[in-house]
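Colleague: I'm new to this one, so could you take me through a single part slowly? I'd like a close look at the strands and how they pair, along with the side-chain contacts.

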Amino acid sequence: VLRDGKWNKEDAAVLVPGDVISIKLGDIVPADARLLEGDPLKIDQSSLTGESLPVTKGPGDGVYSGSTCKQGELEAVVIATGVHTFFGKAAHLVDSTNQVGHFQKVSLNCYWELLHMFHCRGNDYRDHRHVSHTRPEVYLILSLSGSIT
C-alpha cells in the first residue's frame, strides 16, 4: 500500500477505501479496487464470477477482492473492503437467506417419505421372504448418498 509516499506491505485487513495498492503477477487482489493508468492486467476471477478464463482489465476497470493477477502489474485505488466488497456482499446474501430452495424441499420430502416407508413397512421387507429390488432400505441409502434427486 502507498502511504506517506512510501510503499509498505500491509495486511488486507488494514486497507481502507482511497488507499493505493500495487497489483502484480501472482497477487491475490486484497480489496475491490479501480485500476489506475498503465498496461492492462489479466485477472482470474473465476472463483467469483465463474468465468473460466482470465479477463483483461485496463485503467478505470474494477477488480474484485479474491481475484488473482495472472499477467501484468498496475496500481489501483481501493474502493471497497471486507463485507462491502463484491465477494463480501455475495457471502452476506447467502448467509442472510432463510428461504428453503426447491431442491432442499424435494430432497427433504423424499427423505421423510422414505423414512416413513422404511419405518412403517420395513419389517415386511427385512425378512427374506420378499425378494425385491424396491426395498425401502435401498431407496433410503441411495437418497442419503445423493444418488436420487
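Modeller: Let's get the aromatic rings out of the way: with ring centres required to lie within 6.5 Å, the count of aromatic pairs comes to zero. One ring does have a charge for company, though: the charged end of Lys57 sits over the ring of Tyr64, 5.8 Å from its centre.

Before we go further, keep in mind that this is a predicted model. Averaged over the chain, pLDDT is 79, and 70% of the residues reach 70 or more. Where should you be most and least trusting? Of the chain's elements, β5 has the highest mean pLDDT, at 96, while helix α4 (residues 136-144) has the lowest, at 58. Where pLDDT is low, the predicted coordinates shouldn't be read in detail.

Now the general layout. The chain has four helices and nine strands, and reading from the N terminus you meet them as β-β-β-β-β-α-β-β-β-β-α-α-α. Of its 149 residues, 26% are buried.

On to the strands, then. Strands of a sheet pair through backbone hydrogen bonds, and they can do so parallel or antiparallel. Here, three strands make an open sheet in the order β6-β5-β8, with antiparallel pairing. β6 (55-57) and β8 (68-71) are the edge strands, and each has a single partner, so one side of each is left without a neighbour in the sheet. Going from one strand to the next, the twist averages 45°.

If you zoom in on β5 (residues 41-44), you'll find three bridges linking it to β8, in the antiparallel sense. To see one such match, pick Ile43, whose bridge partner in β8 is Cys69.

Another place to look is β4 (residues 32-35). Four bridges pair it with β9 (residues 73-80), again antiparallel, and Ala33 stands opposite Val78 in β9. β4 is also joined by two bridges to β7 (residues 62-63), with the two strands running antiparallel. In that pairing, Arg34 has Gly62 of β7 as its bridge partner.

While you're at β9, have a look at Val77, which lies in that strand. Its C-alpha atom is 6.5 Å from that of Leu35, even though 42 residues separate the two along the chain. Val77 is partly exposed, with a relative accessible area of 23%.

Last stop: the salt bridges. How many does the structure hold? There are two. In one of them, Arg3 pairs with Asp19, and their closest N and O atoms are 2.5 Å apart. Arg3 belongs to strand β1 (residues 2-3), whereas Asp19 is in the loop between β2 (6-7) and β3 (20-24), so the pair ties together parts that are 16 residues apart in sequence. How exposed are these partners? Arg3 is partly exposed, at 25% relative accessible area, while Asp19 counts as buried, at 9%.

The other one links the side chains of Asp27 and Lys24, at 3.7 Å from N to O. A salt bridge has to come within 4 Å to count, so the 3.7 Å of this pair qualifies. Lys24 is partly exposed, with a relative accessible area of 37%.

Methods. Residues numbered from 1 in each chain as written. Predicted model: local features only at pLDDT ≥ 70, side-chain atom pairs only at ≥ 80, totals over all residues. Heavy atoms only, no water. Phe/Tyr/Trp six-rings, centres within 6.5 Å; stacked < 30°, edge-to-face > 60°. Lys NZ or Arg CZ within 6 Å of the ring centre and 35° of its normal. Pairing = 2+ DSSP bridges. Axes fitted to C-alpha atoms, helices over the stretch in contact; angles between N-to-C directions. pLDDT = per-residue confidence, 0-100. Buried < 20%, exposed > 50% of the residue type's maximum accessible area, 1.4 Å probe, protein only.
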